[in-house]
Amino acid sequence: MVTKTSWLDLGAKIVKLFDPRKEFPPAQRNLGQAVLGKILYPCVSSPQEVTPMKTRYVTSTDGTQIAYDVTGQGPALMLLHGAGKTRRDWHKLGFVARLQEAFTVITVDIRGTGGSDYLVEIEDYAIQKICQDFYAVAD
């Protein structure tokens with residue numbers, strides 16, 4: 001079970017990954033500030049070379065093939081891209097390279113993008129179906 005404390009600890013761990021010398025007071029140990037302050041800006045400002053991804057596939061409950069990759073060691077951290085992006089963007093921006101030292105990083109191509117199946121019916125993109133895809137990858 002994920003608790004508020006464990007989310008705070010996760011945020012603090014991510015922040016320390018990028019600047020291990022800096023201690024953050026508890027008020028700043030939330031995941032949102034960690035991502036914006038310590039991960040997002042440095043990664044966006046300096047794109048990384050992308051090493052070849054080892055694509056894996058899983059079949060969601062409705063038969064949709066979902067592409068993903070896994071790298072690193074530690075607690076699992078699933079990175080989900082936004083509209084018009086793919087899991088490759090997490091690699092290009094350096095997120096995976098930085099996080100894989102402390103986490104098992106899972107990047108997913110959301111249905112209709114990248115290596116995942118493209119579907120034609122609008123109902124195929126319902127949030128419930130997308131969540132089922134993430135559950136399938138997590139299993």
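These exercises, each with a worked solution, walk through the fold, a helix, the cores and a few residues of one chain.

The model is predicted, with local features requiring pLDDT of at least 70, side-chain atom pairs counted only at pLDDT 80 or more, and totals for chains, interfaces and linings using all residues. Residues are numbered from 1 along each chain as its sequence is written, and side-chain values use heavy atoms, leaving out hydrogens and water.

**Exercise 1. The overall fold**

Find how many helices and strands the chain has, and the order in which they come.

Step 1. Take helices (H or I, at least four residues) and strands (E, at least two) as DSSP runs, numbered from the N terminus. The chain then has 5 helices and 4 strands.

Step 2. Read along the sequence, and the pattern is α-α-β-β-β-α-α-β-α.

Step 3. Turn to contacts, meaning heavy atoms within 4.5 Å. Of those in the chain with a separation of 6 or more, 62% join residues 24 or more positions apart.

Step 4. Add the surface, computed by the Shrake-Rupley method with a 1.4 Å probe, where for residues only the protein chains shown count as cover. The accessible surface comes to about 8,500 Å², and carbon and sulfur atoms hold 57% of it.

Step 5. Sort residues by relative accessible area: buried is under 20%, exposed is over 50%, and partly exposed lies in between (1.4 Å probe, protein chains only). Buried residues make up 35% of the 139 residues.

**Exercise 2. The two sides of H5**

Check the length of H5, then work out which of its residues are buried and which are exposed.

Step 1. The expected span of a helix is 1.5 Å times one less than its number of residues. For the 12 residues of H5 this gives 16 Å, and the end C-alpha atoms are 17 Å apart, which agrees.

Step 2. List the buried residues of H5: Ile130, Asp133, Phe134, Ala136 and Val137. They cover an arc of only 160 degrees around the axis (taken from the directions from the helix axis to the C-beta atoms), so they lie on the same side of H5.

Step 3. Recall the helix geometry: an α-helix has 3.6 residues a turn, so residues three or four places apart point the same way.

Step 4. Look at the other side of H5, where Gln128, Tyr135 and Ala138 are exposed.

Step 5. Follow the buried residues of H5 outward: they pack against strand E1 (56–59), E2, E3 and E4.

**Exercise 3. The nonpolar cores**

Identify the residues of the largest nonpolar core and the elements that supply them.

Step 1. A nonpolar core is a set of buried Ala, Val, Leu, Ile, Met, Phe, Trp, Tyr and Cys residues joined through side-chain atoms within 4.5 Å. The largest one has 10 residues: Val58, Ile66, Tyr68, Ile106, Val108, Ile110, Ile130, Phe134, Ala136 and Val137.

Step 2. Strand E2 (65–72), E4 and H5 are the elements that give two or more residues to this core. H5 gives the most, with 4 residues.

Step 3. A second, separate core has 9 residues, including Phe95, Leu99, Ala102 and Val105.

Step 4. Zoom in on Ile66. Beyond its neighbours within four places in sequence, Ile66 contacts residues that include Val58, Val108, Asp133 and Val137.

**Exercise 4. His81 and Arg87**

Locate His81, decide whether His81 is buried or exposed, and find what its side chain reaches.

Step 1. His81 sits in the loop between strand E3 (76–80) and helix H3 (87–92).

Step 2. His81 has a relative accessible area of 9%, so it is buried.

Step 3. A polar contact is a pair of N or O atoms within 3.5 Å; within protein, one must be able to donate a hydrogen and the other to accept it, and residues adjacent in sequence count only if both atoms are side-chain atoms. The His81 side chain makes one with the side chain of Thr113 (3.2 Å), and it reaches the backbone oxygen of Lys85 at 3.1 Å.

Step 4. Leaving aside neighbours within four places in sequence, the contacts of His81 include Arg87, Trp90 and Val108.

Step 5. Move to Arg87, in helix H3. Arg87 counts as buried because its relative accessibility is 4%. With the same neighbours set aside, the contacts of Arg87 include Tyr68, His81 and Val108.

**Exercise 5. Loop residues compared**

Which of Gly112 and Glu101 is buried, and which is exposed?

Step 1. Gly112 is in the loop between E4 and H5. Its relative accessibility is 19%, so Gly112 counts as buried.

Step 2. Glu101 lies in the loop between helix H4 (95–99) and E4. Its relative accessible area is 65%, so Glu101 is exposed.
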